[in-house]
Amino acid sequence: MTEQKQAVQPQACPKCGAPPDVRKAGANRVWVQCAKFGANGNCNVICSPQPTRKEAVAVWNRLK
Ligand SMILES: [Zn+2]
């Protein structure tokens, strides 16, 4: 894959393949969780909050 200047897109959930859900709280807490996380399903994949969307997506994309 080539590196692009566009925003990095989060991958599908590494555990169940559901679409990722980018969440935000306040000005500098962004994280990605599985669309089936918690009450929305039965998946528990979530990444720790990061100061920016870019970093949150990077952390999410490293989850296995
Ligand atoms: Zn999932």
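Me: A disulfide is a pair of cysteine sulfur atoms within 2.5 Å of each other. Why does the sulfur of cysteine 47 not form a bond with the closest cysteine sulfur?

Reply: The closest cysteine sulfur, in cysteine 13, is 11 Å from that of cysteine 47, so the pair is too far apart for a bond. The structure holds zero disulfides. This is a predicted model, in which local features need pLDDT of at least 70 and side-chain atom pairs count only at pLDDT 80 or more, while totals for chains, interfaces and linings use all residues. Residues are numbered from 1 along each chain as its sequence is written, and side-chain values use heavy atoms, with hydrogens and water left out.

Me: What makes cysteine 47 buried?

Reply: Its relative accessible area is 5%. Buried means under 20%, exposed over 50%, and partly exposed in between (1.4 Å probe, protein chains only), so cysteine 47 qualifies. Cysteine 43 also counts as buried because its relative accessible area is 5%. Cysteine 34 is buried as well.

Me: Which residues coordinate the zinc ion?

Reply: The donors are the SG atoms of Cys13, Cys16, Cys34 and Cys43, at 2.2 to 2.3 Å. A donor is an N, O or S atom within 2.8 Å of the metal (3.2 Å for Na, K and Ca); water is not among the atoms, so sites may look incomplete. Along the sequence, the donor residues follow the spacing C-x2-C-x17-C-x8-C.

Me: Why is the arrangement around the zinc ion called tetrahedral?

Reply: The four donor atoms subtend angles of 101 to 115°. Four donors count as tetrahedral if all angles lie between 85 and 135 degrees, so the label applies. The ideal angle for four tetrahedral donors is 109.5 degrees.

Me: How do you know that β1 and β2 pair?

Reply: Six bridges join β1 to β2, and the strands run antiparallel. Pairing requires at least two DSSP bridges, so this count passes. Strands are DSSP runs of E with at least two residues, and helices are runs of H or I with at least four, numbered from the N terminus. The hairpin has three residues between the strands, and glycine 26 takes a positive phi near 70° there. Alanine 25 stands opposite arginine 29 in β2. In β2, five of the six residues are buried.

Me: Why does alanine 25 count as partly exposed?

Reply: Its relative accessibility is 28%, so it falls in the partly exposed range. Alanine 25 lies in strand β1, and its C-alpha atom is separated by 9.0 Å from that of proline 49, 24 residues apart along the chain.

Me: What makes aspartate 21 and arginine 23 a salt bridge?

Reply: Their closest N and O atoms are 2.8 Å apart. The rule asks for a side-chain nitrogen of Lys or Arg within 4 Å of a carboxyl oxygen of Asp or Glu, so the pair is accepted. The count by this rule is one. Both residues are partly exposed, because aspartate 21 has 23% relative accessibility and arginine 23 has 31%.

Me: Which strands does helix α1 pack against?

Reply: The buried residues of α1 (residues 53–62) are Ala56, Val57, Val59, Trp60 and Asn61. They pack against β1 (20–25) and β2 (29–34).

Me: Which residues does valine 8 touch?

Reply: Valine 8, in the segment before β1, touches Arg53, Val57 and Asn61, not counting residues up to four places away in sequence. Contact means heavy atoms within 4.5 Å. The C-alpha atoms of valine 8 and valine 57 are 6.9 Å apart, across 49 residues of chain. At 39% relative accessible area, valine 8 is partly exposed.

Definitions and conventions. Four donors count as tetrahedral if all angles lie between 85 and 135 degrees; four count as square planar and six as octahedral if opposite donors are over 155 degrees apart and all others between 65 and 115; anything else is irregular.
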